[in-house]
Amino acid sequence: TVELSAVPSLDHQGEAKIILVFHDITEMKRSEKGLKDFVANASHQLRTPLTSIKGYAETLIDNPPSNPEDAKFFLEIVLKNADHMDKVISSMLALAKSEQMGKQLKLAPVSGREFLNRTVADVTPWAAERGITFRIQAPEDDMYVMAEPDGLLHVFHNLLNNAVKYSPDNGKVTVSAEDDGESIVFCIEDQGPGISREHSTKVFERFYRVDENTIDSSSGSAGLGLAICRRIVRNLGGEIWHDGYGEDIRGARFCFRLNKSGPPA
Ligand code: ADP
């Protein structure tokens, strides 16, 4: 997209001239559209639970239930929807923060093995409730990547939480780390429904969800998790992708690569 502006000026003989200036505003238009889409999506994500909260609150005012059990039932729905809004807002703030942080991140060597063990341990109790177990595949020797600990923690937690969320009961989640020479590639693979090729890059877009109905809206799922992961991994100088299409892969498999580093000094 090009925008044209006319600037009056005098040439070297003192004659009035008009200079036409062409500005390439493609990028600006794109970011304007991005902002509009973001606001529309965000409003939708928040309005749905808000409508429900208002509806139940009005019902409670207009027809107060005589039975405390009925009142509790309504209030629990109100609370569930408020929790959902809370999670969506936290995700939006996390996305905004990751987009802002961009270049100012201070990267330092971080132990890959420590992160694998720690983050798997964090989600294990929750996964165990449905009999889901983890297998860690990593080289004997520790490996170090250039990263920023909070960001890396966020990425691992998000991918592991998704793997557990979509796993069948008693499923196995495999978490691996591999040294490919210049970088370390971390992968998280589950045995859930997987993601078809047509959706495999779109799932990283903001607010994108493969099936709006697969997960009940009260789970706080807004389709922002992977967008945040991609932003963080890119901030760390790496890349993230989905590649669950190998012969022996049954579910989804998300991988990300980060630059290798030596151990901390
Ligand atoms: P959400 O907050 O909805 O989980 P994400 O950005 O984390 O958002 O994921 C986007 C979409 O990608 C999800 O709604 C889901 O459709 C799909 N997805 C993510 N992880 C998995 C997985 N491990 N297995 C199957 N589908 C997944």
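## Close-up views of a predicted model

**Figure 1. C187 and C255 are joined by a disulfide in this predicted model.** The two sulfur atoms lie 2.1 Å apart. The structure holds 1 disulfide. C187 belongs to strand β7 (residues 183-189) and C255 to strand β9 (residues 253-261), so the bond ties together parts that are 68 residues apart in sequence. Torsion about the S-S bond is about 110°, so the disulfide is right-handed. Both C187 and C255 are buried.

**Figure 2. C229 sits too far from the closest cysteine sulfur for a bond.** That closest sulfur belongs to C255. The distance from the sulfur of C229 is 13 Å. A disulfide here requires sulfur atoms within 2.5 Å. C229 has 0% relative accessibility, so this cysteine counts as buried. C255, for its part, is buried and bonded to C187.

**Figure 3. Helices α3 and α4 cross at roughly 40°.** Helix α3 covers residues 112-128, and helix α4 covers residues 149-166. Their axes come within 10 Å. The angle makes α3 oblique to α4. The crossing of α3 past α4 is right-handed.

**Figure 4. Side by side: the residues of α3 and α4 that make the contact.** From α3 come F115, L116, R118, T119, V120, D122, V123, W126 and A127. From α4 come P149, L152, L153, F156, H157, L160, N161, V164 and K165. By class, the contact of α3 with α4 has 12 nonpolar, 3 polar and 3 charged residues. Among the nonpolar residues are F115 and W126 of α3, and F156 of α4. The charged residues include R118 and D122 of α3, and K165 of α4. T119 of α3 is one of the polar residues, as are H157 and N161 of α4.

**Figure 5. N170 has a positive phi in the loop between α4 and β6.** Most residues other than glycine have a negative phi. N170 is not a glycine, yet its phi is about 65°. Strand β6 (172-179) is one of the elements that flank this loop. Is N170 buried or exposed? N170 is exposed, with a relative accessible area of 60%.

**Figure 6. F207 has a positive phi in the loop between β7 and α5.** Phi is about 65° for F207, although this residue is not a glycine. Helix α5 (225-235) is one of the elements that flank the loop. F207 is buried, with a relative accessible area of 8%. N170, by contrast, is exposed.

How values were computed
Residues are numbered from 1 along each chain as its sequence is written. This is a predicted model: local features need pLDDT of at least 70, side-chain atom pairs count only at pLDDT 80 or more; totals for chains, interfaces and linings use all residues. Side-chain values use heavy atoms; hydrogens and water are left out. Helices (H or I, at least four residues) and strands (E, at least two) are DSSP runs, numbered from the N terminus. Buried means under 20% relative accessible area, exposed over 50%, partly exposed in between (1.4 Å probe, protein chains only). Axes are lines fitted to C-alpha atoms, for helices over the stretch in contact, and angles run from 0 to 180 degrees between N-to-C directions. Angles under 35 degrees count as roughly parallel, over 145 as roughly antiparallel, 65 to 115 as roughly perpendicular and the rest as oblique. A crossing is left-handed if the near helix is turned anticlockwise from the far one by less than a right angle, and right-handed if clockwise. Contact means heavy atoms within 4.5 Å.
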